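Hi,

Here is the structure I promised to pass on. Please look it over first; my notes follow below.

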Amino acid sequence: MCCLEQFKIDLKGLTEELTPLEYSLDDQFFQSIDSTLVQGGSLHVSGSIRKAVGFFELLLHTDGFVRIPCDRCLDLMEQPIETDQRLVVKLGSEAQETDDVIIVDEKEALLDTAWLIYESIALAVPIQHVHQPGDCNDAMMRMLEEHSAARSSDADAQTTVDPRWEKLKGLKLDN
């Protein structure tokens, strides 16, 4: 299992300088984070955290690929990911999270970036993810075609046309 402790940043220990961040994410990271969408991958996260007056600015750039199931054949596919994230972190009396501002409890002053990184990766995955044409599992595609053809023929057989509409169609064709 991947140790998620490396993703925790002690905000009180930061200096006024820019502090660089570098992480390499692999299958163990996604297993440790207990991801249901992403099955694995290989990503590089680089960024920095800057201490300013009253807040911290966190900049992250993520680049690589993740393995997710194809929507058509359910086989794993590699989805390229490239995303940038900017967050403002403040110290406060209790932990809270809004769109772009995270408030960390000032007693602990620990920012856990593991979940923030995972969220940015998950949001970068397209809604529809399918293999390139011809790359899907052939056996699954044949089975899908058989079932969809059977379902469409059943629907056609059950559709009966009201005789009044048939007569109206005849009027339309006469013109």
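How many aromatic pairs does the count come to? Five. Bear in mind that this is a predicted model.

Two of the pairs are worth a look. F29 and F30 pair edge-to-face. Their ring centres are 5.2 Å apart, with 80° between the planes. F29 is buried, at 0% relative accessibility. F30 is buried as well, with a relative accessible area of 2%.

W115 and Y118 make a tilted pair. Here the distance is 5.1 Å centre to centre, and the planes sit at 40°. Both residues belong to helix α2, which covers residues 113-124. They are three residues apart there, so about one helical turn separates them. W115 is partly exposed, at 42% relative accessibility. Y118 is buried, at 8%.

These four residues also belong to one aromatic cluster, which includes F7 and Y23.

Now the cysteines. How many disulfides does a search of the whole structure find? Zero. C70 is in no disulfide. The nearest cysteine sulfur to C70 is that of C136, 3.7 Å away. The cut-off is 2.5 Å between the sulfur atoms, so that distance does not qualify. C70 is buried, with a relative accessible area of 1%.

C73 is in no disulfide either. Its nearest cysteine sulfur is that of C136, at 3.9 Å. That is also outside the 2.5 Å limit. C73 is buried, with a relative accessible area of 1%.

Best wishes

Conventions
Residues are numbered from 1 along each chain as its sequence is written. This is a predicted model: local features need pLDDT of at least 70, side-chain atom pairs count only at pLDDT 80 or more; totals for chains, interfaces and linings use all residues. Side-chain values use heavy atoms; hydrogens and water are left out. Buried means under 20% relative accessible area, exposed over 50%, partly exposed in between (1.4 Å probe, protein chains only). Rings of Phe, Tyr and Trp (its six-membered ring) pair if their centres lie within 6.5 Å; planes under 30 degrees apart count as stacked, over 60 as edge-to-face and the rest as tilted. Helices (H or I, at least four residues) and strands (E, at least two) are DSSP runs, numbered from the N terminus.
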